[in-house]
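The following exercises ask the reader to work from a structure to a reasoned description of it. Each task is followed by a solution in steps.

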Amino acid sequence: RRCACPQVQSEPEPEPEPELSEGVPPRTVLAWLQSVKLEACYASLAELGYDEDVDMIIDEEEEEVPAMVAAVEATEGIKRPTLNKFKRELKKLRGDE
């Protein structure tokens, strides 16, 4: 006889992202920001048009990077340590280390 208590259903396995291997960043800008705990920066990047595929950020011209940093810096509530982390993670993402 089964227990009458509510069954805890295990969530279905998420679909693996195609060809995702170790060291490959998430495929969306929001997923990347969430993976490095910087989702607070998303709105400012989305305003600049970086709101879909993370390749938009990876492949962007070097001279656009200061605009991304400035947009995050201008975001209400973003403090200096968060900005510095964003700069570090952006460099890692773009392979500029």
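**Exercise 1. The overall fold**

Task: State how many helices and strands the chain of this predicted model has, and what share of the residues counts as buried.

Solution.
Step 1. The chain contains five helices and zero strands.
Step 2. Read from the N terminus, the order of elements is therefore written α-α-α-α-α.
Step 3. The chain has 97 residues, and 26% of them count as buried.
Step 4. Among contacts with a separation of 6 or more, 53% are between residues 24 or more positions apart.

**Exercise 2. A salt bridge between distant parts of the chain**

Task: Determine which parts of the chain are tied together by the salt bridge of Glu 62 and Arg 94.

Solution.
Step 1. The closest N and O atoms of Glu 62 and Arg 94 are 3.2 Å apart. The cut-off for a salt bridge is 4 Å, so the pair qualifies.
Step 2. Glu 62 is in the loop between helix H3 (55-58) and helix H4 (65-73), whereas Arg 94 is in helix H5 (residues 80-94).
Step 3. The pair therefore ties together parts that are 32 residues apart in sequence.
Step 4. The two partners can now be placed by accessibility. Glu 62 has a relative accessible area of 46% and is partly exposed, while Arg 94, at 13%, is buried.

**Exercise 3. Further salt bridges**

Task: Describe the salt bridges of Glu 73 and Glu 89, and state how many salt bridges are counted.

Solution.
Step 1. Glu 73 meets Arg 80 in a salt bridge, with 3.3 Å from N to O. Arg 80 is partly exposed at 48% relative accessibility, and Glu 73 is partly exposed at 41%.
Step 2. Glu 89 pairs with Lys 92, and their closest N and O atoms are 3.3 Å apart.
Step 3. Glu 89 and Lys 92 are three residues apart in helix H5, which means that about one helical turn separates them.
Step 4. Glu 89 is buried, with a relative accessible area of 12%, but Lys 92 is partly exposed, with 43%.
Step 5. In addition, Arg 27, Asp 53 and Asp 55 are joined into one network by salt bridges that share partners.
Step 6. The count of salt bridges comes to five.

**Exercise 4. The packing of H4 and H5**

Task: Decide whether H4 and H5 are roughly parallel or roughly antiparallel.

Solution.
Step 1. The axes of H4 and H5 are 10 Å apart, and the helices pack at an angle of about 150°.
Step 2. Angles over 145 degrees count as roughly antiparallel, so H4 and H5 are roughly antiparallel to each other.
Step 3. The crossing of H4 past H5 is right-handed.
Step 4. On the H4 side, the contact is made by Val 65, Met 68, Val 69, Val 72 and Glu 73. On the H5 side, the residues are Arg 80, Leu 83, Phe 86, Lys 87, Leu 90 and Arg 94.

**Exercise 5. The nonpolar core**

Task: Identify the residues that touch the most other members of the largest nonpolar core, and examine the surroundings of Ile 57 and Val 72.

Solution.
Step 1. The largest nonpolar core has 19 residues, and those touching the most other members are Trp 32, Leu 33, Leu 45, Ile 57, Phe 86 and Leu 90.
Step 2. Helix H1 (29-35), H4 and H5 each contribute at least two residues to this core.
Step 3. Beyond its neighbours within four places in sequence, Ile 57 has contacts that include Val 29, Trp 32, Leu 45, Tyr 50 and Met 68.
Step 4. Val 72 lies in helix H4. Its relative accessibility is 0%; buried means under 20%, so Val 72 counts as buried.
Step 5. With residues up to four places away left out, Val 72 touches Cys 41, Ser 44, Leu 45, Ile 78, Leu 83 and Phe 86.
Step 6. Val 72 and Leu 45 are 27 residues apart along the chain, and their C-alpha atoms are separated by 7.1 Å.

**Exercise 6. Two loop residues**

Task: Are Lys 37 and Glu 76 buried or exposed?

Solution.
Step 1. Lys 37 is found in the loop between H1 and helix H2 (42-47), and Glu 76 in the loop between H4 and H5.
Step 2. Exposed means over 50% relative accessible area. Lys 37, at 66%, is therefore exposed, and Glu 76, at 80%, is exposed as well.
Step 3. Lys 37 has a positive phi, near 60°. Most residues other than glycine have a negative phi.

How values were computed: Residues are numbered from 1 along each chain as its sequence is written. This is a predicted model: local features need pLDDT of at least 70, side-chain atom pairs count only at pLDDT 80 or more; totals for chains, interfaces and linings use all residues. Side-chain values use heavy atoms; hydrogens and water are left out. A salt bridge is a side-chain nitrogen of Lys or Arg within 4 Å of a carboxyl oxygen of Asp or Glu. Helices (H or I, at least four residues) and strands (E, at least two) are DSSP runs, numbered from the N terminus. Buried means under 20% relative accessible area, exposed over 50%, partly exposed in between (1.4 Å probe, protein chains only). A nonpolar core is a set of buried Ala, Val, Leu, Ile, Met, Phe, Trp, Tyr and Cys residues joined through side-chain atoms within 4.5 Å. Contact means heavy atoms within 4.5 Å. Axes are lines fitted to C-alpha atoms, for helices over the stretch in contact, and angles run from 0 to 180 degrees between N-to-C directions. Angles under 35 degrees count as roughly parallel, over 145 as roughly antiparallel, 65 to 115 as roughly perpendicular and the rest as oblique. A crossing is left-handed if the near helix is turned anticlockwise from the far one by less than a right angle, and right-handed if clockwise.
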